[in-house]
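Subject: Structure for you to look at

Hi,

Here is the structure I promised to pass on. Please open it alongside this message and follow along at your own pace.

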Amino acid sequence: MRAVVQRVKESSVTIDGQVVGKCGQGLMVLIGVEVGDTDKDLAYLADKVPNLRIFEDDAGKMNRSLLDIGGQILAISQFTLLGDARGGRRPSFITAARPDTAVPLYEALVEKWRGMGIHVETGVFGADMQVALINDGPVTILLDSHRLF
């Protein structure tokens with residue numbers, strides 16, 4: 001599984017002119033599920049994301065986690081995170097998991113975070129979404145459960 005984690009002051013996702021998900025201070029997380037991903041990959045992101053120490057402490061150092069600050073998450077499914085453009089100008093998405101595999105893993109990840117007491121809102125899997133955010137910092141972290149980067 002792959003994630004782009006952005007520290008935000010606020011973020012929202014809109015479909016057909018309607019806001020379907022939003023969060024205040026916290027994280028906007030784009031999530032891509034790869035062919036072959038398992039519960040092990042899900043567990044990696046479920047733990048890593050809310051425990052990233054990317055929020056400032058009283059001394060101004062990035063030393064606090066989402067859990068420490070009581071922040072929220074806006075989780076957005078995004079298969080294009082698995083796009084491979086190394087071979088040309090048109091990305092290949094053959095490593096992105098099909099919806100029958102990706103949806104259950106994505107939904108399970110969201111439920112794990114909710115089970116940790118985090119307020120999580122989402123977009124709609126497979127929908128044409130417009131995402132708005134105020135990136136705080138900016139701070140953007142790339143995560144990959146296979147630790148490719």
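Below is what I found in it, grouped by region.

One thing to keep in mind throughout is that this is a predicted model.

**The strand in the middle of things**

A good place to begin is strand β3, which covers residues 26-32. How many of the seven residues of β3 are buried? Seven of the seven are, so the strand is largely enclosed by the rest of the structure.

Strand β3 has pairing partners that you can pick out by eye. With strand β1 (residues 2-15), β3 pairs in the antiparallel sense, over seven bridges. To find the register, look for Ala-3, which stands opposite Ile-31 of β3. Strand β6 (residues 72-77) is another partner: β6 and β3 run parallel and are joined by six bridges. Here the pair to look for is Leu-30, which stands opposite Ile-76 in β6.

As background when you look at side chains here, those in a regular strand alternate between the two faces of the sheet.

**Salt bridges**

The count of salt bridges comes to five. Let me walk you through some of them.

Arg-2 and Asp-144 meet through their side chains in a salt bridge, at 2.8 Å from N to O. This pair links distant parts of the chain, with Arg-2 in strand β1 and Asp-144 in strand β8, 142 residues apart. Are these two residues buried or exposed? Arg-2 has a relative accessible area of 15%, under the 20% cut-off, so Arg-2 counts as buried. Asp-144 is buried as well, with a relative accessible area of 1%.

Asp-136 and Arg-7 form another salt bridge, and their closest N and O atoms are 3.5 Å apart. This pair also links distant parts of the chain: Asp-136 sits in strand β8 and Arg-7 in strand β1, with their positions 129 residues apart in sequence. Both Asp-136 and Arg-7 are buried. The two belong to a network of salt bridges that links Arg-7, Lys-9 and Asp-136.

For a local example, go to helix α3 (residues 99-115), where Glu-111 and Arg-114 are three residues apart and so separated by about one helical turn. They form a salt bridge with the closest N and O atoms 2.8 Å apart. Glu-111 is partly exposed at 45% relative accessibility, and Arg-114 is partly exposed too, at 36%.

**A buried aspartate without a salt bridge**

Asp-37 lies in the loop between β3 and α1 (39-51). What does this buried residue lack? Asp-37 has no salt bridge, and the nearest side chain of opposite charge, that of Arg-2, is 8.3 Å away. The Asp-37 side chain does have backbone nitrogens beside its polar atoms. The backbone nitrogen of Met-1 lies 2.8 Å from one of them, and the backbone nitrogen of Glu-34 lies 2.7 Å from a polar atom of that side chain.

**Backbone details to check**

Some backbone angles deserve a look, given that most residues other than glycine have a negative phi and most peptide bonds are trans.

- The peptide bond from Gly-137 to Pro-138 is cis, with omega near -5°, and Pro-138 is found in strand β8.
- Asp-16 is not a glycine, yet its phi is positive, near 50°. Asp-16 lies in the loop between β1 and β2 (18-23) and is exposed, with a relative accessible area of 74%.
- Arg-147 also has a positive phi, near 55°. Arg-147 is in the segment after β8 and counts as exposed at 59% relative accessibility.

**On the surface**

Leu-142, Leu-148 and Phe-149 make a nonpolar surface patch of about 330 Å². Of these residues, Phe-149 is found in the segment after β8 (130-144).

Finally, if you would like a sense of scale, take Ala-59, in the loop between β4 (55-56) and β5 (62-64). Ala-59 is exposed, with a relative accessible area of 63%. How far apart are Ala-59 and Ala-127 in space? From C-alpha to C-alpha they are 41 Å apart, while in sequence they are 68 residues apart.

Happy viewing, and do write back with any questions.

Best wishes

Methods:
Residues numbered from 1 in each chain as written. Predicted model: local features only at pLDDT ≥ 70, side-chain atom pairs only at ≥ 80, totals over all residues. Heavy atoms only, no water. Buried < 20%, exposed > 50% of the residue type's maximum accessible area, 1.4 Å probe, protein only. Helix = DSSP H or I, 4+ residues; strand = E, 2+ residues; numbered from the N terminus. Pairing = 2+ DSSP bridges. Patch = residues over 30% accessible without salt bridge, like charges linked within 9 Å, V, L, I, M, F, W, Y side chains within 5 Å. Areas by Shrake-Rupley, 256 points an atom, 1.4 Å probe, with all protein chains shown as cover. Salt bridge = Lys/Arg side-chain N within 4 Å of Asp/Glu carboxyl O. Lys, Arg positive; Asp, Glu negative; His and termini not counted. Polar contact = N/O pair within 3.5 Å; in protein donor to acceptor, adjacent residues only side chain to side chain.
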